[in-house]
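Let's walk through this structure together, starting where two of its chains meet. Keep the view open as you read and turn it whenever a new residue comes up.

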There are 4 protein chains.
Amino acid sequence: MLRYLTSGESHGKCMLTIVDGMPAGLNVDKSIIDDELAKRMLGYGRGKRMKIESDRIEVLSGVRNGKTIGSPISLLVKNIDHSIDSLPKVYEPRPGHADLSGALKYNLNDIRDVLERASARETVSRVAIGALCRILLAQFGVKIISHVVAIGGVVSKTKGLSLDKISAISAKSPVTCADMKASADMRREIDKAARSGDTLGGVFEVIIHGVPQGLGSYSQWDRRIDANLARAIMSIHAIKGVSFGIGFESAALKGSLAHDEIFYGKSKGFYRKTNNAGGVEGGMTNGEDIVIRSAMKPISTLRKPLSTVDIRTKKRVKAAVERSDICAVPAAAVIGEAVSAIEIANAMLDKFGGDSLTEMRRNYEGYMSQVKRF
Amino acid sequence: MLRYLTSGESHGKCMLTIVDGMPAGLNVDKSIIDDELAKRMLGYGRGKRMKIESDRIEVLSGVRNGKTIGSPISLLVKNIDHSIDSLPKVYEPRPGHADLSGALKYNLNDIRDVLERASARETVSRVAIGALCRILLAQFGVKIISHVVAIGGVVSKTKGLSLDKISAISAKSPVTCADMKASADMRREIDKAARSGDTLGGVFEVIIHGVPQGLGSYSQWDRRIDANLARAIMSIHAIKGVSFGIGFESAALKGSLAHDEIFYGKSKGFYRKTNNAGGVEGGMTNGEDIVIRSAMKPISTLRKPLSTVDIRTKKRVKAAVERSDICAVPAAAVIGEAVSAIEIANAMLDKFGGDSLTEMRRNYEGYMSQVKRF
Amino acid sequence: MLRYLTSGESHGKCMLTIVDGMPAGLNVDKSIIDDELAKRMLGYGRGKRMKIESDRIEVLSGVRNGKTIGSPISLLVKNIDHSIDSLPKVYEPRPGHADLSGALKYNLNDIRDVLERASARETVSRVAIGALCRILLAQFGVKIISHVVAIGGVVSKTKGLSLDKISAISAKSPVTCADMKASADMRREIDKAARSGDTLGGVFEVIIHGVPQGLGSYSQWDRRIDANLARAIMSIHAIKGVSFGIGFESAALKGSLAHDEIFYGKSKGFYRKTNNAGGVEGGMTNGEDIVIRSAMKPISTLRKPLSTVDIRTKKRVKAAVERSDICAVPAAAVIGEAVSAIEIANAMLDKFGGDSLTEMRRNYEGYMSQVKRF
Amino acid sequence: MLRYLTSGESHGKCMLTIVDGMPAGLNVDKSIIDDELAKRMLGYGRGKRMKIESDRIEVLSGVRNGKTIGSPISLLVKNIDHSIDSLPKVYEPRPGHADLSGALKYNLNDIRDVLERASARETVSRVAIGALCRILLAQFGVKIISHVVAIGGVVSKTKGLSLDKISAISAKSPVTCADMKASADMRREIDKAARSGDTLGGVFEVIIHGVPQGLGSYSQWDRRIDANLARAIMSIHAIKGVSFGIGFESAALKGSLAHDEIFYGKSKGFYRKTNNAGGVEGGMTNGEDIVIRSAMKPISTLRKPLSTVDIRTKKRVKAAVERSDICAVPAAAVIGEAVSAIEIANAMLDKFGGDSLTEMRRNYEGYMSQVKRF
């Protein structure tokens with residue numbers, strides 16, 4: 001079982017994480033983690049902070065001479081701006097943020113004490129762990145990609161595109177959208193929002209390819225893989241909706257059209273020709289690509305701030321303005337990949353056990369050939 | 001902290017659950033639990049099983065002379081049909097179900113061994129625990145309702161309706177829809193699907209009223225209340241999407257229109273005039289109604305079955321036909337209420353502690369007046 | 001991972017448990033569970049309750065046609081005396097029991113509400129789960145025995161006896177002591193205590209044979225197998241001390257005499273000629289027998305009761321007298337075996353994964369041959 | 001609920017920990033943590049490493065301007081010697097250590113990969129968290145002390161000494177023993193062991209004063225406070241036994257002499273005149289001092305090494321010699337205090353909830369006066 005805790009404030013010394021449960025013997029190429037951290041900072045519409053920080057991972061434990069040794073892994077990313085103690089107090093809670101509820105909950109009268117941890121900078125830690133899990137998953141042929149499907153009302157058309165095509169096209173888009181026409185429109189929307197001091201949200205899709213059948217379980221509610229993936233995705237800042245496969249559309253379909261018929265081929269084993277279910281049935285993976293769509297609300301910090309109430313005077317004021325982005329959907333997609341990687345890695349470890357990569361692989365291969373012979 | 005495990009197969013002896021962590025001194029009116037169990041069986045479009053079973057709770061432990069005493073509570077519902085050992089073997093996995101992945105995962109060659117536990121009858125246990133949590137929450141003025149928002153493409157119009165109105169109207173609808181016109185159309189769609197041997201899905205909404213500010217936390221990803229609610233909802237059978245407030249719509253809005261401005265009133269304290277966020281900001285409750293929408297795919301067991309593969313011969317065959325429903329969205333809404341009640345109760349216990357109701361209430365009231373004086 | 005919850009009060013309807021995580025395909029012979037439940041009731045010095053109850057397991061879920069199917073297993077033992085609602089109120093907390101602290105904690109003014117769950121009858125559930133785990137462990141050659149080492153100051157001499165000898169001799173002793181001379185003396189002590197209205201404690205030893213090397217881990221404190229075994233043992237009623245191998249004696253030895261030198265043999269692999277460590281080094285099993293000693297205080301309910309305070313009047317009174325035993329060390333030893341079985345089964349599942357017995361065994365064998373070739 | 005993970009290798013960059021769940025508003029005086037870290041390095045009989053390292057805490061997150069803010073707290077202690085990557089390989093597993101089982105488990109052929117994490121240096125992290133918990137507990141009048149009771153066969157006499165006396169005397173002893181005569185003898189034993197290249201173990205006692213009644217619970221086995229304290233203690237390196245109150249002695253006593261009669265006083269409420277139970281009854285605190293005794297085996301690394309087997313050649317060789325101590329019982333006592341502090345803090349948070357110190361204190365006081373009025 002993987003367990004992890006993250007820590008760190010937006011303008012504290014660093015963003016940190018400790019992960020326990022990684023098998024020994026895994027080569028950890030730090031540049032893969034750094035690449036994911038870099039991707040997290042990209043995307044058209046990001047604010048100034050992204051230009052200040054240039055996140056690089058430091059591995060503080062758990063890796064010796066480039067390999068995991070079974071002990072907990074610590075990943076640290078320094079904050080270049082770590083002025084937390086001296087930053088000005090904040091009294092004007094921003095609508096859409098943790099500011100007000102956090103101040104009430106923790107009984108804090110400087111909202112700075114809330115927003116520093118509630119900030120999406122926390123996801124640096126999760127992207128780092130996700131990248132580590134990705135390195136593990138790659139050993140088993142699991143591949144995770146994402147692309148932006150909508151920004152500010154502009155929706156991409158990607159039906160029928162292969163995984164490789166989606167990867168290739170979105171890699172060239174400044175908003176990681178796999179439809180170049182939509183990509184250009186999205187960019188324009190971001191420019192418009194920027195000019196009017198406004199912000200935008202959107203929708204992204206995470207696709208997980210190469211997952212074995214039977215991860216997760218219907219045996220107990222909290223072992224369902226879709227439930228756990230949904231929790232992970234919904235825990236990302238500003239996410240307001242999550243769905244699998246055709247998701248909310250499936251609610252309007254007839255059963256005869258909604259489900260994916262089962263086929264069998266000598267080399268492929270059991271498979272499907274459609275994937276409306278998004279790779280999950282009965283709380284378990286069915287071997288098809290896991291497809292998750294997530295809705296992100298627009299960034300809560302506006303340059304042209306909304307109305308709020310001063311927590312001292314209770315008078316109407318404008319909300320606080322923190323350094324922020326106009327649109328962060330491409331970044332959220334990267335984070336979505338990361339948290340998905342963590343959940344899948346955990347489900348793999350739960351099913352296959354294994355204290356070393358050798359052991360985990362042996363167990364995995366035993367299962368794969370059992371499935372093949374089934 | 002509340003912990004619980006459920007057990008039981010669809011045609012086993014009973015559906016069972018053990019819950020640990022309920023405070024002592026709570027009056028448990030069994031009829032409230034039975035009422036929720038009855039609601040779970042209702043709804044236009046249910047199959048024959050619903051007429052066979054007539055679920056009644058038996059409290060096996062944790063309650064003495066009608067009151068909780070701090071020990072774990074066991075809730076049992078007998079299955080009238082408990083022929084599990086002698087039921088015929090199943091070899092034709094149903095698309096959309098746990099059948100195939102379950103057989104591969106657990107290495108079972110009679111799909112009956114899978115479908116018995118993977119069945120939605122498991123939710124009997126969760127509705128029972130949910131009802132218990134509801135009894136606890138009622139002590140703190142928390143009220144949970146639900147209504148069906150869409151079935152088979154028919155969508156209700158309920159904008160502007162008060163909570164009480166939604167409750168009152170949906171109570172009279174055979175599909176618990178708060179729009180009588182849509183309700184009639186939904187019924188017609190169900191009849192049509194029934195005639196063609198097909199099934200339907202839909203969308204339901206759960207509304208949680210009266211929750212204090214500051215449940216959940218941004219401190220660690222897995223403490224976010226929306227993440228945990230999403231997990232609970234997504235763990236319900238056939239749910240493929242979940243969203244908070246305006247959900248996927250928020251992805252298309254500008255920030256200036258998406259967020260709920262903050263107001264202050266002498267008696268009300270901090271409050272909002274809009275509720276796009278659906279009661280959750282920064283992974284915490286903000287005191288407004290929590291509004292959750294969930295998409296349910298159509299029932300996977302069709303009277304006119306889909307194509308599949310016999311797991312013995314690998315030949316193309318028709319999927320197995322189990323006793324089933326045409327549409328179960330109203331039931332899913334009841335289950336949605338139940339799992340939400342569990343999560344909210346757990347968040348309350350996490351924040352307020354309390355081994356007795358007296359203690360929990362004292363702690364709650366202390367906090368409420370702290371918030372008031374903030 | 002195995003998870004379980006137990007429930008039930010001493011004079012409630014039943015003792016219950018739900019276990020999640022057992023692999024599918026395991027034959028469950030109910031008579032093995034009943035045998036362990038029977039052993040739990042034996043032992044010279046038991047009270048009248050033991051003659052009233054005759055515990056038999058009912059499997060309510062998780063087993064179909066005698067085999068596990070991967071779903072949670074429910075085990076129920078009925079209480080013949082289930083008069084909990086009408087039993088007289090208790091106001092005189094017994095020293096040594098949960099009575100007083102429980103009443104204060106849960107704010108209960110009838111101590112009956114405390115003692116019903118705090119009763120050692122709860123261990124019925126744990127013996128049942130333990131027996132189930134034993135059935136699993138037997139598949140991997142793991143065998144667990146126990147024997148009573150001391151009662152009321154009489155100490156057995158068993159140094160040098162083989163596991164089989166200890167089993168054989170203690171099986172014939174009315175106090176499951178592997179030294180017949182000591183056994184007779186213990187019996188005499190029990191008779192003496194009975195005559196004077198007093199009670200006795202003692203020491204028992206649990207021995208776990210056939211465990212693979214490398215269960216548990218030093219990686220994180222809560223994964224150490226000795227820590228988890230100690231928790232399980234200390235959670236048994238009336239246990240006040242727990243130790244591994246030579247335990248407290250090791251504190252007085254020099255390092256050169258305390259540790260078990262390492263040897264290697266072609267067929268045996270790495271092994272030891274001594275076992276001072278009791279089979280655990282660095283929080284992991286080392287392949288030698290795990291040897292755990294536990295100290296049990298004398299039963300807290302005395303026929304000639306101690307002084308206490310009436311919780312209503314605060315006046316000095318004699319403690320309540322519940323039906324009870326004079327000495328229950330042999331029973332505690334059986335419970336010690338059971339909770340150890342659970343911890344070892346859990347550690348095996350953690351290391352080897354496996355949703356089916358076939359898969360778990362394949363993974364286990366892969367590891368065993370890896371260790372052999374190391 | 002407090003959760004924490006520790007990480008770090010003995011010669012890695014640092015020892016690290018992340019703790020989640022500390023209430024906001026607590027003043028964190030770093031010098032208190034540094035003092036505990038310093039105490040952990042003291043004690044007559046420590047090796048060279050102790051002279052190299054001079055542990056000082058760095059708070060990386062969770063504290064702003066000296067106060068906790070509700071976010072996770074990260075504590076880092078740098079290792080001055082962090083040569084892990086270049087240290088020589090080790091092939092000769094030390095008896096008594098994790099070396100062999102760890103290498104087999106994680107499939108590592110350089111034992112260095114095992115011993116770096118299995119090292120007792122890991123306890124730096126736990127002493128740091130423990131010190132933090134201590135700061136929290138001090139707010140509620142809870143005080144934790146420890147003293148060494150035996151080293152290498154020399155046993156202290158402290159019967160009848162008050163808590164303050166034990167503190168005062170042991171503070172002056174180089175082996176933190178509260179009996180000056182025994183202290184001198186212990187020192188002599190250590191000198192003797194040093195001369196012969198040998199090592200020593202011993203026994204220490206942790207005393208927790210000022211704990212409210214009713215922490216922990218009998219409701220579920222894993223909520224018993226003694227079980228959780230035993231787990232925490234047993235998870236300390238080299239601990240082989242743990243007991244509460246008179247522990248193993250209680251096994252030889254009659255019930256009439258073993259239990260602590262209950263008294264009542266106007267100002268004191270319910271109390272005891274004896275404390276054989278060591279402050280725990282029925283898995284809960286009873287308000288008396290919690291008294292825990294722990295047996296530590298002698299250090300496993302001997303200057304005059306034991307026999308073992310080379311893991312490559314399988315030939316008999318002398319065990320590896322790592323820089324180590326002759327006797328570390330005084331340090332273990334400090335660690336015992338720390339892990340006890342964590343468990344008690346956790347039980348307090350479980351019972352009283354509270355996101356801020358203000359809230360936790362209000363809830364605590366409410367309960368204390370409820371208990372008083374009971």
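**Where chains A and B meet**

In this predicted model, 105 residues of chain A are in contact with 105 residues of chain B. Together the two chains bury about 8,800 Å², and 61% of that area lies on carbon and sulfur atoms. If you would like a few residues to look at in chain A, try W221(A), R231(A) and F374(A): they supply 10% of the area that chain A buries against chain B, more than any other three residues.

Now for the polar side of the interface. Between chain A and chain B there are 50 residue pairs in polar contact, with both partners at pLDDT 80 or more. On the side of chain A that touches chain B, the residues divide into 46 nonpolar, 36 polar and 23 charged. The count of salt bridges between chain A and chain B is 2. You can find R316(A) in a salt bridge with E261(B), where the closest N and O atoms are 3.9 Å apart. That pair falls within the 4 Å cut-off used for a salt bridge.

The backbone takes part as well. Strand β10 of chain A, residues 239-244, pairs with strand β10 of chain B, also residues 239-244. The two strands run in the antiparallel sense and are joined over 3 bridges. Which residue of β10(B) is the bridge partner of V242(A)? It is V242(B), so to speak its own counterpart in the other chain.

How are the two chains related in space? Chain A can be laid on chain B by a turn of 180 degrees and a shift of 0.0 Å along the axis, with an RMSD of 0.0 Å. The two copies are therefore related as by a two-fold rotation axis. The same surface serves both copies, as 100% of the contact residues of chain A recur in chain B. To find the axis by eye, go back to R231(A): of the residues of chain A, R231(A) comes closest to the rotation axis, with its C-alpha at 2.4 Å. R231(A) is also one of the three residues named above for their share of the buried area.

Finally, move over to chain C. There, I246(C) lies in the loop between β10 (239-244) and α9 (255-258). Leaving aside residues up to four places away in sequence, I246(C) touches L253(C) and N276(C). I246(C) and M348(C) are 102 residues apart in sequence, and their C-alpha atoms are 25 Å apart in space.

Note on methods
Residues are numbered from 1 along each chain as its sequence is written. Chains are lettered from A and ligands numbered from 1 in the order in which they are written. This is a predicted model: local features need pLDDT of at least 70, side-chain atom pairs count only at pLDDT 80 or more; totals for chains, interfaces and linings use all residues. Side-chain values use heavy atoms; hydrogens and water are left out. Contact means heavy atoms within 4.5 Å. Buried area is the accessible area (1.4 Å probe) that two parts lose on being put together, summed over both. A salt bridge is a side-chain nitrogen of Lys or Arg within 4 Å of a carboxyl oxygen of Asp or Glu. A polar contact is a pair of N or O atoms within 3.5 Å; within protein, one must be able to donate a hydrogen and the other to accept it, and residues adjacent in sequence count only if both atoms are side-chain atoms. Ala, Val, Leu, Ile, Met, Phe, Trp, Tyr, Cys and Pro count as nonpolar, Asp, Glu, Lys and Arg as charged, and the others, Gly among them, as polar. Two strands pair if DSSP finds at least two bridges between them. Helices (H or I, at least four residues) and strands (E, at least two) are DSSP runs, numbered from the N terminus. Copies are superposed by least squares on the C-alpha atoms of residues with pLDDT of at least 70 in both.
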